[in-house]
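Biologist: Got a minute to go through this model with me? I'd like to start broad and then pick at a few details.

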Amino acid sequence: MADGDDERNGRLSSIMNSLWSNNGNDDTLFDSFKLTKKQRIVGFFTSLLLGALCFALALLLLPVLILKVKKFVVLFTLGSVFSIGSFSFLWGPWNHVVHLVTPERLPFTVAYVVSLVATLWAALGVSHHCVIM
């Protein structure tokens, strides 16, 4: 049991170290867009708060969901994108994308992106309420 805890703690510390130090894994694609640690933290919390705001506004539309389906879908999708995208500020956009498409996460990433696109298509592209619901 102790070995599993040590392995988990080691993995957690390596993740935390990768968040706050560059370890040679800089986003070479985005070298001209480097952010300081403070800018990354501010961007993370700003994006996270925008996501929470979009989720809150979407939840306010729940009582009138039948009448405002498109607004709900757009707000909820934006909340999801802001929330997931906020981690790009901490890790860097390229490192975050690489993390999302690792073999153990790829099926979930694909399912998530397909569900977002399908939801937007059903709400904005199709005008029949039966398909949307």
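Modeller: Sure, let's go from the overall fold to the core and then to some single residues. Keep in mind that this is a predicted model.

Biologist: Noted. How many helices and strands does the protein have?

Modeller: There are six helices and zero strands. Going along the sequence, the pattern reads α-α-α-α-α-α.

Biologist: And what share of the residues is buried?

Modeller: Of the 133 residues in the protein, 22% are buried. The accessible surface is about 9500 Å², and carbon and sulfur atoms account for 72% of that.

Biologist: What about contacts, how many join residues at least 24 apart?

Modeller: That's 67%, counted among contacts between residues at least 6 apart in sequence.

Biologist: OK, on to the inside. Which residues make up the largest nonpolar core?

Modeller: Eight residues: Cys54, Ala58, Leu61, Val69, Phe72, Val73, Leu75 and Ala123. Helix H2 (37-60) and helix H3 (69-91) each bring at least two of them.

Biologist: Which helix gives the most?

Modeller: H3 does, with four residues. As background, nonpolar side chains in soluble globular proteins tend to be buried together.

Biologist: Those two helices, then. At what angle do H2 and H3 pack?

Modeller: About 165 degrees, and their axes are 8 Å apart. Angles over 145 degrees count as roughly antiparallel, so that is what H2 and H3 are to each other.

Biologist: Is their crossing left-handed or right-handed?

Modeller: The H2 and H3 crossing is left-handed.

Biologist: Switching to single residues: where does serine 83 lie?

Modeller: Serine 83 is in helix H3.

Biologist: Buried or exposed, and why?

Modeller: Serine 83 counts as buried because its relative accessibility is 17%, and the cut-off for buried is under 20%.

Biologist: What does serine 83 touch?

Modeller: Leaving out residues up to four places away in sequence, serine 83 touches Leu48, Gly51 and Phe55. Those three fall within the 37-60 span of H2.

Biologist: One more. Where does lysine 68 lie?

Modeller: Lysine 68 is in the loop between H2 and H3. At 33% relative accessibility, lysine 68 counts as partly exposed.

Biologist: And how far apart are the C-alpha atoms of lysine 68 and alanine 58?

Modeller: They are separated by 9.7 Å, with the two residues 10 apart along the chain. Ala58 is also one of the core residues we went through earlier.

How values were computed: Residues are numbered from 1 along each chain as its sequence is written. This is a predicted model: local features need pLDDT of at least 70, side-chain atom pairs count only at pLDDT 80 or more; totals for chains, interfaces and linings use all residues. Side-chain values use heavy atoms; hydrogens and water are left out. A nonpolar core is a set of buried Ala, Val, Leu, Ile, Met, Phe, Trp, Tyr and Cys residues joined through side-chain atoms within 4.5 Å. Buried means under 20% relative accessible area, exposed over 50%, partly exposed in between (1.4 Å probe, protein chains only). Contact means heavy atoms within 4.5 Å. Accessible areas come from the Shrake-Rupley method with a 1.4 Å probe; for residues, only the protein chains shown count as cover. Axes are lines fitted to C-alpha atoms, for helices over the stretch in contact, and angles run from 0 to 180 degrees between N-to-C directions. Angles under 35 degrees count as roughly parallel, over 145 as roughly antiparallel, 65 to 115 as roughly perpendicular and the rest as oblique. A crossing is left-handed if the near helix is turned anticlockwise from the far one by less than a right angle, and right-handed if clockwise.
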